Structure formats: structure tokens, C-alpha cells
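Hi,

Here's the structure I said I'd pass on to you. Have a look at it first, and then read my notes below with the 3D view open.

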Amino acid sequence: MKRSHWKTGQLLSYLLVLLVIFLVFREHAQEILQNLRGVPLWGAALLFGLALAYQGLEAAVCRRLIRTRIPDFSFPPAFTTTFLGVFGNVATCGAGSIPMQGCYLCQYGLLPGQGIGIMTAEYIFHKTSTLIYAAVMLLFQGSWLRGASPDLFRYLVMGFGICGAIITALVLLCTWERLKALALRAMDLLPDAGKWGPRKAAWRTNLEALHTEARYVLKSPGCCLRVLLLNGAKLFCLYLAAYLSFYFLNISSPAFWRVQLLTALMLVITGALPNVAGVGPTELAFLLIFSPYAGDAAASSALILYRTATYFFPFLFSCFVLLHTQRKRTVREDRQPLQDGPE
């Protein structure tokens, strides 16, 4: 597909998502605006702080995984790597997130394939943690959910099934030699002419790196446990933001741990649906789950506050991180000839 065609498809996808959001919110626009005006400034600041805490814990996971390869890898570059992923997810509809992170990590001695392999392993841990968190919440509150939302279980079966299949496929691709060999043989069937040759070479390199790095990470049970615990704390911050979104709007909602359960299930359902740059399924799943408890207008108000804090604010922050990273890179490149040239 030509680049211009890809950009056109991306623009149309964004417009479709905006149309869906407009159709959802237009009937309650006045009530939503009235609710949002009542949010205290300190409450909005707290939600933004939780969003940064979520990304900070994600950076701690990134640092922990990269330290399996670079023992002295520090937190600041891990923080930058995380926000480059946030920027890539939104600006490129998810396609450029991991490649951007892999290219940045090259500055610290990782080959592009190694960085991509580690970031893919991080994605697998995130998916796994999401399912574990939801399963634990469901274990202790499943009886309440069956009584309160019996129709929700049909979506949960789909969400758990698809997310579980994705995790299983990625883990097998990372660890099972036969599946890796089958994938490599499938790549060999593609033509070598034109752009396919370089693409095949890049895919083979990335697959080999993914297989190597994933096995390197998984051989340390202690590292895996720490990553899962950090992911659990990260998800707690995200789900707490949903509860506080209702709280600061003075909207009646289920109790704290029940909102944790409902938000965890929302993330499972969202992870099973295709999305454009992280927009679309989250909004629909949020309204599907919380509207029966709070009403359409109240749930829509909480959704806007929640997504502003956990989606739009991190993206805005990531733009500044990207600009700062680019500026540092430009300064370093400008100084390089002076360091290498004759005195």
C-alpha cells in the first residue's frame, strides 16, 4: 500500500471514530458539560497524576526487562521509551509504537531487533497481567456480577477467549522452535522482488530477535514475578482513575472494588476488539459496562474525564518528551564532529 493511501485510510479511521463519539454524546451534551464544570481543579490534577503514575510504573517494567540485557540501564531512558510508545500508538495508529521504541534503544547498545523483541515481551506481560487482574477480581466478586449484570458474561467469554488466544500465540511464537520455523517458512513463500525482499529480511531478523529476547527474559522467574507485580500496581492506578472520575463528578457508582472489577473487565473486552490508535472500543466498552449503573449522561461524563486523564493527557505529555528527545539528539549530532575532528 502506498504511503498516501495509508494516510488516507488513517484519516478516515479517525473521522469514523469521531463520528461514533459524536453520536454517542450528542443527546446528553448539556448535562455532560454541566457535570464536567463541577470537577475541582485538585481532582483533575490528581487524575493527571495517576496517569503519570501509570506510565511511570510502565517505565519501571520497561527498565526491569531491559536490564536483563543492559544491567546499568536507568529509569530516565526507560521513561522516555515508554512515552515514545504512547506517542507512536496515537500518531501512527499503533503501527509505529514498538519500532520507535526499538530505534531509541539503539542508542544504548541494543540492536533494533533486540529492542523490538523486549518491547514485544513487555506487551505480552501487559496482556497477561490484564487477564490475571480481571480473573482475580472476578473470582471474589463474580456472584455479585452475575446478579447485577447477567448479560455481561457473553462479552467476557469473548474477551477472555480472544485475549487468551493472542497471549498464547505470542508466547508460542517466542518459545516454540517449530512454530518459529513454520513462520520463517511462510515468509519464504513471499516474493523477493521489489520491496518484499527487504521486508522479508527485516521480519526474519525481528522474529529471531523476538524469540531470543523472550527466552532470555522468561528464563528468570524472579524477573517475571517483579514485572507482573509492577503491572498489577500499574493497572490499579488505571482502574482507580475510573472510580475517581465518578467520585469527582459526584455521580453515584458501584463501590470501590466493584468499579475495579468493572474497569478490569472493560479492559479485557477492549483488548479483544480492533481499535484505531486506542480509540473506539474503550469508549464503547466503558458506556456498555457503566451506563446500567450510572445512566447514559453520567457514564458519558465520567468517560470524558477518565479518557482525558488517561489517554489525551499522556499523549500531550509524550509530544513534549518526543521534542525533548529530538532536541538532545540534534545537540549530540552537532557536537559529534567537534569531538571526532582534529584539535
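Let's start with two helices that pack together: H3 (residues 41-66) and H4 (residues 75-91) meet at an angle of about 115°, and their axes are 8 Å apart. The crossing of H3 and H4 is right-handed. On the H3 side, the contact is made by Leu52, Gln55, Gly56, Glu58, Ala59, Ala60, Cys62 and Arg63. H4 brings in Phe75, Ala78, Phe79, Thr81, Thr82, Phe83 and Val86. If you sort the residues of this contact by class, you get 9 nonpolar, 4 polar and 2 charged ones. Keep in mind while you browse that this is a predicted model.

Now for the rings. How many aromatic pairs does a search of the whole structure find? The count is 22. One of them is Phe75 with Phe79, a tilted pair with 6.0 Å from centre to centre and 40° between the planes. Both of these residues sit in helix H4, 4 residues apart, which is about one turn of the helix. Phe75 has a relative accessible area of 35%, so it counts as partly exposed: that value falls between the 20% limit for buried and the 50% limit for exposed.

Another pair to click on is Phe286 and Tyr306. Is this one stacked or edge-to-face? It's stacked, because the planes are at 25°, which is under the 30 degrees cut-off, and the ring centres are 5.6 Å apart. This pair links distant parts of the chain, with Phe286 in helix H12 (residues 281-294) and Tyr306 in helix H13 (residues 296-340), 20 residues apart. Phe286 is buried at 0% relative accessibility, and Tyr306 is buried too, at 2%.

Back to Phe75 and Phe79 for a second: they also belong to an aromatic cluster, together with Phe48, Phe83, Phe313 and Phe317. Try showing those six side chains by themselves.

While you're in helix H12, find Ser291, which is located there as well. Ser291 counts as buried, with a relative accessibility of 14%. Leaving out neighbours within four places in sequence, what does Ser291 touch? Its contacts are Phe286, Asp296 and Ala299, so you meet Phe286 from the stacked pair again here.

Next, go to Tyr104, in helix H5 (residues 97-105). Tyr104 is at 8% relative accessibility, and because buried means under 20%, it counts as buried. Not counting residues up to four places away in sequence, Tyr104 touches Pro77, Thr80, Thr81, Leu84 and Thr325. Thr325 is a nice example of how a chain folds back on itself in space: it is 221 residues away from Tyr104 along the chain, yet their C-alpha atoms are separated by 9.3 Å. The side chain of Tyr104 also makes a polar contact of 3.2 Å with the side chain of Tyr108.

Last stop: Asn250, in the loop between helix H10 (221-248) and helix H11 (256-271). Its phi is near 60°, a positive value in a residue other than glycine. Buried or exposed? Asn250 is exposed, because its relative accessibility of 71% is over the 50% limit.

That's the tour. Happy clicking!

Note on methods: Residues numbered from 1 in each chain as written. Predicted model: local features only at pLDDT ≥ 70, side-chain atom pairs only at ≥ 80, totals over all residues. Heavy atoms only, no water. Buried < 20%, exposed > 50% of the residue type's maximum accessible area, 1.4 Å probe, protein only. Contact = heavy atoms within 4.5 Å. Polar contact = N/O pair within 3.5 Å; in protein donor to acceptor, adjacent residues only side chain to side chain. Axes fitted to C-alpha atoms, helices over the stretch in contact; angles between N-to-C directions. Left-handed = near helix turned anticlockwise from the far one by under 90°. Nonpolar A, V, L, I, M, F, W, Y, C, P; charged D, E, K, R; others polar. Phe/Tyr/Trp six-rings, centres within 6.5 Å; stacked < 30°, edge-to-face > 60°.
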